[in-house]
Each structure stands twice: as structure tokens, then as C-alpha cells.
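Trainee: Please take a close look at a single part of this model, the packing of one pair of helices, and set it within the rest of the chain. I should like each term to be given with its cut-offs.

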Amino acid sequence: MAIELDKFKQEIYTYVESRMSFIAPNLSVIVGASTAAKLMGVAGGLSNLAKMPACNIHVLGSQRRTLAGFSNTAIMPHSGFVHGSDIVQNTPADLKRKAARLVAAKCAIAARVDGFHECADGSVGESMREDIERKLDKLQEPPPVKPLPAPIDQAHKKRGGRRVRKMKERYAITEFRKQANRMNFGEIEEDAYQDDLGFSLGQVGKAGTGRIRAPQIDEKTKVRISKTLQDVFSRMCNGN
């Protein structure tokens, strides 16, 4: 009995599918004659399909299976006959759900147009299908590359005062290092270590009168002694 009922249902679907270009031309243009016939068969006719909202058309034909009576799970949740249309199947997997919702919304409008027997040539369905394809192409385009905005350099509060100035003087480059970094243009420098390492003393000791260079002591980098320690040293010297 069940096999015969299924056979009769398939015959009805085949007949309705062959007549879909006359019954619902706009709906057939969007999802195809086969899918349109299935939607009408499940909804109970074109009039009932025209009264349905797009969210219900989206799930028409969704199947469920029972797992030993413990739980119910859908083979493809929220996927009905609309998912079987060619326009949804040709869409990338990550956009199929969005494409199905878009097609279902257009099917609801096309069913109402066909329900009032307007635009028998299917021009409304063709314009809707072009609109769907244009939106899907727009979704598949890569996002535009936006340049980063120019950074806003805000004035940061910097610590100042005598302590900071003293610290800068202590870590500043010394006169000895400045002289060592200077070189005369076109003059071959002698290697300080005589190992061809390229290390020379620069202008150190060359600006004088030929005397033996005295050790240069920088007051900024000289080791500092606290006043307490100075008092201790003075007492020791006076005691001796």
C-alpha cells in the first residue's frame, strides 16, 4: 500500500512538473520546475504556498530521522526543497544557508505573483533570479582593503627635573668616544690591535702637540661618593 501511494505521488509530481511553466512560471524560473512542483505539493497548492511566509517556505520538505527513540536529529537542519535548487547548489558551502534564505524570500514573492496570474511570461521570476545571482556574487567578492588611519601622536607627559638631567649627562657619549669615532677623509688609519680587525682610535691623541696623552677624566661619568662616605673618609684621614 505504501509503495503504491509513493508511486501515485511521484506521478502527480511528474504531471505537475510538466505543467509548471503554465501554473507558476515565475516560481519555476527561480528554483526550477522540479523544486517548484515539490514546494506546491507539500504546501497543498499554489494558493497555500502564496500565503506562506518565506521562513516556512525555507523549511518545506526538511526530513527528520529517529535514532532508536532516544533523540530526533535532522539530516540537514533547516534544509528543505529550496536547498536542492541549482542556484543554491552552485553556491559555495559557507554561503549555502544564506543563499537558501534569499531564494526562499524570492519564492514567496514569486508565488504571490503567480497566485494572481500576473506576468505569465516569467519576467518577474527572471528579474528576481538575476537579483539573487547579483547578491551572491557580491557576497563572494573579497572585502576591500582599507588603509590604516594615520596614527595620532599624542603628547606624552615626560618626567623632567634635575634628576633626569643628571641621568642624561651620566649616560651621554663621552669626549673620548667622540674622538674615537671621528676619522679623516682619505687617510689610512692604523689598526689599534694590529690584527686587521678594523678597530682604530680615530682622532684620539692627534689633535694635541705631540705630548703624551693624559688620561681623560669625565666629571659626568666619574664615580660618585655619598656625603656620608665622604665624611667617613675625612675622619679616617684626620685620625691618621
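Mentor: For the direction of packed helices, angles under 35 degrees count as roughly parallel, over 145 as roughly antiparallel, 65 to 115 as roughly perpendicular and the rest as oblique. The structure is a predicted model, in which local features need pLDDT of at least 70 and side-chain atom pairs count only at pLDDT 80 or more, while totals for chains, interfaces and linings use all residues. Residues are numbered from 1 along each chain as its sequence is written, and side-chain values use heavy atoms, with hydrogens and water left out.

The setting comes first. The protein has twelve helices and two strands, where helices (H or I, at least four residues) and strands (E, at least two) are DSSP runs numbered from the N terminus. Read from that terminus, the order of elements is α-α-α-α-α-α-β-β-α-α-α-α-α-α. Of its 240 residues, 25% count as buried; buried means under 20% relative accessible area, exposed over 50%, and partly exposed in between, with a 1.4 Å probe and protein chains only. The accessible surface comes to about 18600 Å², and carbon and sulfur atoms account for 55% of it; the areas come from the Shrake-Rupley method with a 1.4 Å probe, and for residues only the protein chains shown count as cover. Among contacts between residues at least 6 apart in sequence, 50% join residues at least 24 apart, a contact being heavy atoms within 4.5 Å.

The part for close study is the pair α8 (96–115) and α9 (123–140). These two helices pack at an angle of about 165°, and their axes are 10 Å apart; axes are lines fitted to C-alpha atoms, for helices over the stretch in contact, and angles run from 0 to 180 degrees between N-to-C directions. The pair is therefore roughly antiparallel. From α8, the contact draws on K98, A99, L102, V103, K106, I109, A110 and V113, and from α9 on V124, M128, D131, I132, K135, L136 and L139. By class, eleven of these residues are nonpolar, none is polar and four are charged; here Ala, Val, Leu, Ile, Met, Phe, Trp, Tyr, Cys and Pro count as nonpolar, Asp, Glu, Lys and Arg as charged, and the others, Gly among them, as polar. The crossing of α8 past α9 is right-handed; a crossing is left-handed if the near helix is turned anticlockwise from the far one by less than a right angle, and right-handed if clockwise.

The loop between α8 and α9 holds H117 as well as C119. Phi of H117 is near 55°, a positive value in a residue other than glycine, and C119 likewise has a positive phi near 55° without being glycine. H117 is exposed, at 70% relative accessible area, whereas C119 is partly exposed, at 31%.

Two further residues show what surrounds the pair. A111 belongs to α8 and is buried, with a relative accessible area of 0%. Beyond its neighbours within four places in sequence, A111 is in contact with L46, L49 and A50. Its C-alpha atom lies 9.3 Å from that of P25, although 86 residues separate the two along the chain. I87, in helix α7 (residues 86–89), is also buried, at 7% relative accessibility. Leaving out residues up to four places away in sequence, I87 touches I30, V103, R129, I132, E133 and L136. From C-alpha to C-alpha, I87 and A99 are 8.1 Å apart in space and twelve residues apart in sequence.

A second helix pair offers a comparison. Helix α1 (residues 2–18) packs against α4 at an angle of about 120°, with the axes 9 Å apart, which makes α1 oblique to α4. Here too the crossing is right-handed. Y13, V16 and E17 of α1 meet A33, S34, A37, K38, G41 and V42 of α4, giving five nonpolar, two polar and two charged residues. G41 lies in α4 (residues 33–43) and is partly exposed, at 42% relative accessible area. The C-alpha atoms of G41 and Y13 are 7.3 Å apart, with these positions 28 residues apart along the chain.
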